Amino acid sequence: EGGPYEDGLTRVDTVVSLASGRFTFRIFDTLGDGICCGFGRGSWDVRNAENEVLASGGEFRSSESVRLDTNALPAGCAELETRTDLQSLDPPQYCYSEPARRQDQSLCESAYYSFITAGGRRRYALCEYTPPEQGDTQGSCIAPDLFFCDQAPSPPPLLSSPPPPPPSSL
């Protein structure tokens, strides 16, 4: 939406709906002094439909660019189907809640937790194990990264008990 912006206070919002695919966002400054810091306090960001920032910047001279992939699922979405949601347990738990998960990598990394945000979307976090430091008896089981998935995962199959034996005849 090219300038010049003499007052230094001009805000420009451009809304674009993108199809699935890979894109490059580029911003240019023809004077070569950028939009931040030397001659202003400008910045830019790219947001998704939920108003989450996908990329941001502002400190550049003549141009800045970033690659965006609208097809990319957050890391972990596919893994949810093979893990147990700790919030579905009674009582609900977190990755660190159970001491056994802090001692066993496979137990820790077979779980995740989820919650509903204020905006009504479900966020997920995969549990990750860190081995104990030398001299410690327990490692840690934490969920360092939160992410959204467009489709809710299918819960893992419930283990069923074997069928009862046939009646015996005497």
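A disulfide is a pair of cysteine sulfur atoms within 2.5 Å. The exercises below apply to a predicted model.

**Exercise 1.** Find how many disulfides the rule gives, and describe the link of C95 and C127.

Solution.
- The count comes to two disulfides.
- One of them joins C95 to C127, with an S to S distance of 2.0 Å.
- The torsion about this S-S bond is about -80°, so the disulfide is left-handed.
- C95 sits in the loop between β5 (84–85) and α1 (105–108), and C127 in the loop between β7 (122–126) and β8 (128–130), so the pair ties together parts 32 residues apart in sequence.
- Both cysteines, C95 and C127, are buried.

**Exercise 2.** Determine the handedness and placement of the link between C108 and C141.

Solution.
- The S to S distance of C108 and C141 is 2.1 Å.
- Their S-S torsion is 90°, and the link is right-handed.
- C108 belongs to helix α1 and C141 to strand β9 (residues 140–142); the two are 33 residues apart.
- C108 and C141 are buried.

**Exercise 3.** Classify the ring pair of F25 and W44, then the burial of each residue.

Solution.
- The whole structure holds six aromatic pairs.
- For F25 and W44, the centres are 4.7 Å apart and the planes at 40°, so the pair is tilted.
- F25 lies in strand β1 (residues 22–28) and W44 in strand β2 (residues 44–47), 19 residues apart.
- Buried means under 20% relative accessible area.
- W44 has 7% relative accessibility, so W44 is buried.
- F25 has 25%, so F25 counts as partly exposed.

Key:
Residues numbered from 1 in each chain as written. Predicted model: local features only at pLDDT ≥ 70, side-chain atom pairs only at ≥ 80, totals over all residues. Heavy atoms only, no water. Helix = DSSP H or I, 4+ residues; strand = E, 2+ residues; numbered from the N terminus. Buried < 20%, exposed > 50% of the residue type's maximum accessible area, 1.4 Å probe, protein only. Phe/Tyr/Trp six-rings, centres within 6.5 Å; stacked < 30°, edge-to-face > 60°.
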